[in-house]
Amino acid sequence: MLFRSGPNPRFEPNGRYHPFDGDGMLHAAHFDRGRVVYRNRWIRTAAWQTEERLGSSPYWGIMHSLKDRADLPMKDTANTDVIAHAGKAVASWYLAGEPYLLDPFTLDTLGTAPWTRRSGGFSAHPKVDAHTGELMFFDYGREYPYLWYGVVDATGKQV
């Protein structure tokens, strides 16, 4: 299985557009009986679902907003990185948003992973240990201790 994720905007954000504003689009290819099967789908983040319901974007682009500013909301697009772990694809965002779990074959969004602190936050580019199958990630925020470290075992349970 080969995964690729990146930004693909459905709606223009408020303010100036930057490529990082685009909604997460997951691409996947795998071999099946000598043929390549390719799929792509948007990652159905909470923000994607809000825009779907509204038919437009209430969010501001990263050129105009900060992550936690209520008057200029920025969306978690899950468009930065994707890895495979515990039989699922895990999509993440560069500003430590929610990690989204996806079915690796259908690319259906299964929801957010339960591994982050209550306020959300899972930095993009987590790593999987090739020997143990453990996923290691960082999370950062504005309150002490500012940086958290997490480990998820090979079955998907946070340890």
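Okay, let's start inside: Trp-115 is buried, and Phe-122 is buried as well. Before I go on, please keep in mind that what you see above is a predicted model.

So how are the rings of Trp-115 and Phe-122 placed against each other? Their centres are 6.0 Å apart and their planes sit at 40°, so we call this pair tilted. Tilted is the label for whatever is left between stacked, which is under 30 degrees, and edge-to-face, which is over 60.

How many aromatic pairs turn up when you search the whole structure? Seven. Another one of them is Phe-20 with Tyr-94: here the ring centres are 5.3 Å apart and the planes make 55°, so that pair is tilted too. Have a look at where those two come from. Phe-20 belongs to the loop between E1 and E2, while Tyr-94 belongs to the loop between E5 and E6, and 74 residues separate them, so this is a link between distant parts of the chain. Are they buried or exposed? Somewhere in between: Phe-20 is partly exposed at 41% relative accessible area, and Tyr-94 is partly exposed at 26%. There's also a third ring to mention, because ring pairs join Phe-20, Trp-93 and Tyr-94 into a cluster.

Right, on to the strands. A quick reminder from the textbook: strands of a sheet pair through backbone hydrogen bonds, and the pairing can be parallel or antiparallel. In our model, three strands make an open sheet, in the order E1-E2-E3, with antiparallel pairing. Which strands sit at the edges? E1 and E3, since each of them pairs on one side only. On average, neighbouring strands in this sheet are turned by 15° against each other, if you ignore direction. Zooming in on E1 and E2, the two are antiparallel and share six bridges. If you want a spot to click on, find Leu-2, which stands opposite Ala-29 in E2.

Next, a hairpin. Strand E4 covers residues 81-85, and four of its five residues are buried. E4 pairs with strand E5, residues 88-92, in the antiparallel sense over five bridges. How many residues lie between the two strands of the hairpin? Just two, and one residue in that turn, Ala-86, has a positive phi of about 55°. For another spot to click on, His-85 has Lys-88 in E5 as its bridge partner.

Now for charges. The model has five salt bridges. Let me walk you through some of them.

Number one on my list is Asp-23 with Lys-75, where the side chains meet at 2.8 Å, N to O. Asp-23 is in the loop between strand E1 and strand E2, and Lys-75 is in the loop between helix H1 and E4, so this pair ties together parts that are 52 residues apart in sequence. Both partners are buried: Asp-23 is, and so is Lys-75.

Then there's Asp-108 with Arg-41, whose closest N and O atoms are 2.2 Å apart. This one links distant parts of the chain as well: Asp-108 lies in the loop between strand E6 and strand E7, Arg-41 lies in strand E3, and they are 67 residues apart. Asp-108 counts as partly exposed, at 32% relative accessibility, and Arg-41 does too, at 28%. And going back to that buried pair for a second, salt bridges with shared partners connect Asp-23, Glu-51 and Lys-75 into one network.

One more salt bridge joins Arg-33 and Asp-32, with 3.3 Å between the closest N and O atoms. Arg-33 is exposed, with a relative accessible area of 77%, whereas Asp-32 is partly exposed at 32%.

Last stop: the surface. Which residues make up the nonpolar patch? Phe-138, Tyr-140, Tyr-144, Tyr-146, Leu-147 and Tyr-149, and together they have about 730 Å² of accessible area. The elements giving two or more residues to it are strand E9 and strand E10. Tyr-149, for instance, is found in strand E10. Its relative accessible area is 52%, so Tyr-149 counts as exposed, the cut-off being over 50%.

That's my tour. Spin the model around and try to find these spots yourselves!

Key:
Residues numbered from 1 in each chain as written. Predicted model: local features only at pLDDT ≥ 70, side-chain atom pairs only at ≥ 80, totals over all residues. Heavy atoms only, no water. Buried < 20%, exposed > 50% of the residue type's maximum accessible area, 1.4 Å probe, protein only. Pairing = 2+ DSSP bridges. Salt bridge = Lys/Arg side-chain N within 4 Å of Asp/Glu carboxyl O. Axes fitted to C-alpha atoms, helices over the stretch in contact; angles between N-to-C directions. Patch = residues over 30% accessible without salt bridge, like charges linked within 9 Å, V, L, I, M, F, W, Y side chains within 5 Å. Areas by Shrake-Rupley, 256 points an atom, 1.4 Å probe, with all protein chains shown as cover. Phe/Tyr/Trp six-rings, centres within 6.5 Å; stacked < 30°, edge-to-face > 60°.
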